[in-house]
Amino acid sequence: MNNTFNINRFGKLIKQQYQLSGKSLGLALASIFIGYSIILLFFTFKNISISAFDWVPYFLSLNVIIAVPFAAYAFPAFRSKVKTFDYLLLPSSVAEKFTFNVIVRIIAPWIILPVIFYVSAHVAAELALWYNPQASIEAFSLSTLFKAVESDQDNSLLFISVILLGIINQSVLFTGAAVFKKHPLVKTLVTIGITAVIIFFYFYIIIEWAEIFKSGRMPWFTSIESTDTTTYYLIGLELILLITTLAFAFFKVKEKEIV
């Protein structure tokens, strides 16, 4: 039997986890639907004219607010010693447990939340039109955003970069959940803040003290003139960061299994 990843064993893990938290998941999704609907009802009732693109800021902001912090609470069993012990005894490999959490905490929100938003937006639009038939409200559709992105290659690259940035934020918080036992979201954000201050101070020293921009001395990346090239470099860096953070999270989980 494959001890690294077995699809049948992985399926049993999904079933077991669903049996443990299926009701809580259902209540959470219902709460999100109600929250989305209330916010979008305020939006539709306050505006007489709404285009398809006007929904996009709400779509992005609401989904990001929920999806990104949700990743910080991966591996919920690690919050308790007893639950951690029970979790480690599950007849599944580290790869299977890790993959399950990646799917649930990082990938699934970007599939489920847009569906909930789509339904909530259409319910809000229909109620607003019923209340005020003279209103001009176009139905929510992501095709409007995709058309704007596909019409320009620069926009397409930027869109990919933004998506990767969002996933990186999720992966960092996801890694924090594997590292910190208590309050993973708060501790990860504090760690990120301290790291950002150190990086800022480092570049401040380079620019101000080393006078790197004076006397014609310029860093290599300032010679890049093409916007596409810059975006490609950025996407490459984002992919490296994404792989690094997920790999670090995997080995932290594996470390718990070994201990």
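1. A word on terms to start: a crossing of two helices is called right-handed if the near helix is turned clockwise from the far one by less than a right angle, and left-handed if the turn is anticlockwise. With that in mind, welcome to this structure, which is a predicted model. In it, helix 1 and helix 4 make a right-handed crossing.

2. Let us stay with that pair for a moment. Helix 1 covers residues 7-46 and helix 4 covers residues 94-107. Their axes come within 10 Å and cross at roughly 55 degrees. Angles from 65 to 115 degrees would count as roughly perpendicular and those under 35 as roughly parallel, and helix 1 and helix 4 are therefore oblique to each other.

3. Which residues bring the two helices into contact? On the helix 1 side they are Arg9, Phe10, Leu13, Ile14 and Gln17, and they meet Glu96, Lys97, Thr99, Phe100 and Ile103 of helix 4. Sorted by character, the residues of this contact comprise five nonpolar, two polar and three charged.

4. Two members of that contact deserve a second look. Arg9 and Glu96 join their side chains in a salt bridge, at 2.8 Å from N to O. This pair links distant parts of the chain, with Arg9 in helix 1 and Glu96 in helix 4, 87 residues apart. Are these two residues buried or exposed? Both Arg9 and Glu96 are buried.

5. How many salt bridges does a search of the whole structure find? There are two, and besides the pair just described, Glu255 and Lys252 meet through their side chains, at 3.3 Å from N to O. These partners are three residues apart in helix 9 (residues 227-258), so about one helical turn separates them. Glu255 has a relative accessible area of 42%, which lies between the 20% and 50% limits, and is therefore partly exposed.

6. Finally, please visit Asp54, which sits in the loop between strand 1 (49-50) and helix 2 (56-70). Its relative accessible area is 33%, so Asp54 is partly exposed. Setting aside neighbours within four places in sequence, Asp54 is in contact with Phe43 and Ser49. For a longer link along the chain, take Asp54 and Ala139: they are 85 residues apart in sequence, and their C-alpha atoms are separated by 10.0 Å.

Definitions and conventions. Residues are numbered from 1 along each chain as its sequence is written. This is a predicted model: local features need pLDDT of at least 70, side-chain atom pairs count only at pLDDT 80 or more; totals for chains, interfaces and linings use all residues. Side-chain values use heavy atoms; hydrogens and water are left out. Axes are lines fitted to C-alpha atoms, for helices over the stretch in contact, and angles run from 0 to 180 degrees between N-to-C directions. Helices (H or I, at least four residues) and strands (E, at least two) are DSSP runs, numbered from the N terminus. Angles under 35 degrees count as roughly parallel, over 145 as roughly antiparallel, 65 to 115 as roughly perpendicular and the rest as oblique. Contact means heavy atoms within 4.5 Å. Ala, Val, Leu, Ile, Met, Phe, Trp, Tyr, Cys and Pro count as nonpolar, Asp, Glu, Lys and Arg as charged, and the others, Gly among them, as polar. A salt bridge is a side-chain nitrogen of Lys or Arg within 4 Å of a carboxyl oxygen of Asp or Glu. Buried means under 20% relative accessible area, exposed over 50%, partly exposed in between (1.4 Å probe, protein chains only).
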